[in-house]
Amino acid sequence: RSLNRRLRGTVIMGLHPKAMLAVFSTIQLITYLDRGIMATYLGYIQDDYNLSSLGAGTLAGAYMVGYMLASPAFAHFASRMSPLLLMGVGLTAWCISVIGTGLSLEYGTILLARTGTGVGEAAFACMAPPLIDAKAPVAQKSLWMSVFYIFIPVGYAMGYLVAGQWHSSGTVSGSFAWRIPFIAIGIGLAPFVFFVFVNSTDKSLTYAKKALNGRPPETASESDLVGEESKDEGGLSEALLEHKGSDPGPTVLEHVAGDDPEDSTKIAFLDTDAPDNTSTSIEHERFLDKLKLVVNNRVYVLIILGYAAQTFVVGGFAYWGIRYVENGLHLSESVATLSFGGLTVATGVFGTATGGWLLDWLRSRAVTPEMSEDIRVMVGAERATMMITFCAALSLPCCVLGIGLNSTAMFFLCVGLGQSLIFMCLTPINSCVVWITPYRVSPLALALSVLANHLLGDAVSPIIIGALLDRTNKDWRAVFVIACLWLVWPIFLWLPAWRFSRLSLANAEAISKERLC
């Protein structure tokens, strides 16, 4: 406590954590509102531009190109420039692109506009989660992340509902009916982009700031950005600061990760090979060094590959789900929009919130105040990998049965349960990515995660499903069953990730006990 009191004067106060969470969550909502609107109006855009199902699917996944080009640059410069400044630049490009979607005159221009939306996502998706994790109370990190990620399914579903009700109202007819919502949300995000720019000089939000307790920036973790306003009331943060003292020395994780890089039981949660001079070494660190640091983490690679496989199925449902309910279950357009949108909202809110709460609960059962920060990180990673493995194993049969039985009631019951289990993985996955990578490269780790999600997931699944529909003469049930079978990959990938996490935790605990003795 005495150490913590001495540090109080050095903490940089900036944007209030709850205000930051509220703004980031609203931006998340609006960006995925665009995705839901696009999915709802995909058929109308296909008719207006006389596209095949493959062409429509390509349009749905065009943002991937913009993301792939922009994400490495944003992630790399996050340690050199203000994250909020970079985020504001990307979101400005997003606003222009979404408005351009509504003003497009031909397929080429709308394809270019949809590609531009990926630039905005590249800036926002890789920078916001580490800042939220850093500012969240220690005992509620997963809950805060779940609040942020809950707006992905909510945004999608609201896009379905808003677009469907707007079209059904008949206020505007013809192609203008689908253009106006895009223009409206592009303008609607502008005040939040302005807010981001105004706060871009906040010195407390940087990935290269020195640690409060004198640790060099090369080994600084997310706890180094936690301000006094975000510490938990249980005294865990103070206990950790007092435990580490002014000279923390080598961490347990450095011992676990530093001996034999080829040992599959040892995972580099911290960068032990980083330069040890000043913060300028972070600012001038090469991109390839950061990339190597991230991709050498086996647990990280296994998690994001499984995540991409889940996203393949979720992305296919998002863009073709309403039309499946219309054509496969033979419901009217308005009923299909309301029912599928309502199912997405319900499962997204329940699954994401439950996943965040459950992960915090699982961590609290295993963490004690006497544990070092390193061990707490590894406990969180082990609990997260355990949780997503079980959820993946249960989601596969639910989704296959829901589609295969060809019953409206079973579809909403089983697929709803399967989607809930998939959304329960959302917060543990992204929290684990932040926890198991050095904080300064968390933006790059998240950027690569989202890149894999899009490249192997929701950017290609609409195209593949569209091509299968063309090839099978619109056999909706067969195509969707095939898509659901892709959920077997997360099970195969996350089981070894869980095993590696358990072995690393056991090694770290053994080393910690030896040092105490």
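A helix here is a DSSP run of H or I with at least four residues, numbered from the N terminus. The model is predicted.

**Exercise 1.** Place Thr389 in the secondary structure, state whether Thr389 is buried or exposed, and list its contacts.

Solution.
- Step 1. Thr389 belongs to helix H17, which covers residues 373–404.
- Step 2. Its relative accessible area is 5%. Buried means under 20%, so Thr389 is buried.
- Step 3. A polar atom of the Thr389 side chain lies 2.7 Å from the backbone oxygen of Thr385.
- Step 4. Leaving out residues up to four places away in sequence, Thr389 touches Trp494, Leu495 and Trp498.

**Exercise 2.** Do the corresponding work for Ile99, and give its C-alpha distance to Ala113.

Solution.
- Step 1. Helix H5, residues 83–103, contains Ile99.
- Step 2. The relative accessible area of Ile99 is 23%. The partly exposed class lies between 20% and 50%, so Ile99 is partly exposed.
- Step 3. Not counting residues up to four places away in sequence, Ile99 touches Phe182, Ile183, Gly186 and Ile187.
- Step 4. Ala113 is 14 residues from Ile99 in sequence, and the two C-alpha atoms are 8.3 Å apart.

**Exercise 3.** Describe how helices H2 and H7 meet.

Solution.
- Step 1. Two packed helices are described by the angle and the distance between their axes.
- Step 2. For H2 (residues 17–48) and H7 (residues 141–149), the axes come within 8 Å and cross at roughly 35 degrees.
- Step 3. On the H2 side the residues are Pro17, Lys18, Leu21, Phe24, Ser25 and Gln28, and they meet Trp144, Val147, Phe148 and Tyr149 of H7.
- Step 4. Sorted by class, this contact holds seven nonpolar, two polar and one charged residues.

**Exercise 4.** Locate the largest nonpolar core relative to the domains, and follow Phe24 within the structure.

Solution.
- Step 1. The largest nonpolar core has 132 residues. Those with the most contacts inside this core are Phe24, Met87, Phe317, Tyr319, Phe411 and Trp494.
- Step 2. Helix H15 (residues 298–327) gives the most to this core, with 15 residues.
- Step 3. Both domain 1 (14–211) and domain 2 (297–516) give residues to the core, so the core lies between them.
- Step 4. Apart from neighbours within four places in sequence, Phe24 is in contact with Leu84, Met87, Phe124, Ala128, Leu131, Ile132 and Phe148. Phe148 is also among the H7 residues in the meeting of H2 with H7.
- Step 5. A second core, separate from the largest, has eight residues, including Ala366, Val367, Met378 and Val379.

Terms used. Residues numbered from 1 in each chain as written. Predicted model: local features only at pLDDT ≥ 70, side-chain atom pairs only at ≥ 80, totals over all residues. Heavy atoms only, no water. Helix = DSSP H or I, 4+ residues; strand = E, 2+ residues; numbered from the N terminus. Buried < 20%, exposed > 50% of the residue type's maximum accessible area, 1.4 Å probe, protein only. Polar contact = N/O pair within 3.5 Å; in protein donor to acceptor, adjacent residues only side chain to side chain. Contact = heavy atoms within 4.5 Å. Axes fitted to C-alpha atoms, helices over the stretch in contact; angles between N-to-C directions. Nonpolar A, V, L, I, M, F, W, Y, C, P; charged D, E, K, R; others polar. Core = buried A, V, L, I, M, F, W, Y, C linked by side-chain atoms within 4.5 Å. Domains from an automatic or database assignment.
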